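Load the model in your viewer and keep the selection panel at hand. The stops below go from the sheet to the helix and then to the charged side chains.

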Amino acid sequence: MPTPGSDQRGFTLVEVIVALGILAVAILAMMKAVSEGIVTTNALRDRFIAGVIAENRLVETHAAPQLPDIGTRNGRIAMADQDWLWSETIATTNDPAIVRLEVTVKASGDGPQLASLTAFRRKP
């Protein structure tokens, strides 16, 4: 115990406990922000890959010499160590010489649709 008039300074036990509590809350908030950032980054990565797959499907359909029949086709593709499901719909438009192409992509399973692209093509 310090004697009266001595020059010893320090923190009391209560001050140390309060400081540790504040530090713990700050660390928890930082960990939550980092984990949310990781989730967001993974979601953006998945949306980007789905967009690339949708673009590839549209390019393949546009480049094909023979247009597939009117209707919906489904398929599966592996990319970035994951299976993806795509659906391609070819529909008529008001102009009989043009068809509407719509491609949607989602991760395999019951996940949400991650990409959707629409294009138009003249019938050959």
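Two strands pair if DSSP finds at least two bridges between them. Keep in mind throughout that this is a predicted model.

**The sheet.** Select residues 71–79 and 82–92, which are strand 1 and strand 2. The two run antiparallel, and nine bridges join them. For one of these positions, pick Arg76: its bridge partner in strand 2 is Leu85. Now show the full sheet, which is open and holds four strands in the order 1-2-3-4 with antiparallel pairing. Strand 1 and strand 4 (113–122) are the edges, each pairing on one side only. From one strand to the next, the twist averages 20°.

**The helix.** Add residues 13–63, which make up helix 1. Helix 1 lies across strands 1, 2, 3 (98–107) and 4. Relative to strand 4, helix 1 runs at about 20°.

**Salt bridge at Arg76.** Return to Arg76 and show its side chain together with that of Asp83. They form a salt bridge, with 4.0 Å between the closest N and O atoms. Is each partner buried or exposed? Arg76 counts as exposed because its relative accessibility is 55%, over the 50% cut-off. Asp83, at 33%, is partly exposed.

**A network.** Next select Arg57, Glu60, Arg73 and Glu88, which are joined into one network by salt bridges that share partners. Within this group, zoom in on Arg57 and Glu60, whose closest N and O atoms are 2.6 Å apart. The two residues are three apart in helix 1, so about one helical turn separates them. Arg57 counts as buried because its relative accessibility of 13% is under 20%. Glu60, by contrast, is partly exposed at 47%.

**Arg57 and a ring.** Stay on Arg57 and add Trp86. Where does the charged end of Arg57 sit? It sits over the ring of Trp86, 3.9 Å from the ring centre. If you go on to look for aromatic pairs, a search of the whole structure finds zero.

**Back along helix 1.** Finally, select Lys32 and Glu36. Their side chains meet in a salt bridge, 3.3 Å from N to O. Both residues lie in helix 1, four residues apart, about one turn of the helix. Lys32 is exposed at 53% relative accessibility, while Glu36 is partly exposed at 42%. To see the rest, display every salt bridge: the structure holds seven.

Note on methods. Residues are numbered from 1 along each chain as its sequence is written. This is a predicted model: local features need pLDDT of at least 70, side-chain atom pairs count only at pLDDT 80 or more; totals for chains, interfaces and linings use all residues. Side-chain values use heavy atoms; hydrogens and water are left out. Buried means under 20% relative accessible area, exposed over 50%, partly exposed in between (1.4 Å probe, protein chains only). Rings of Phe, Tyr and Trp (its six-membered ring) pair if their centres lie within 6.5 Å; planes under 30 degrees apart count as stacked, over 60 as edge-to-face and the rest as tilted. A charge sits over a ring if NZ of Lys or CZ of Arg is within 6 Å of the ring centre and within 35 degrees of the ring normal. Axes are lines fitted to C-alpha atoms, for helices over the stretch in contact, and angles run from 0 to 180 degrees between N-to-C directions. Contact means heavy atoms within 4.5 Å.
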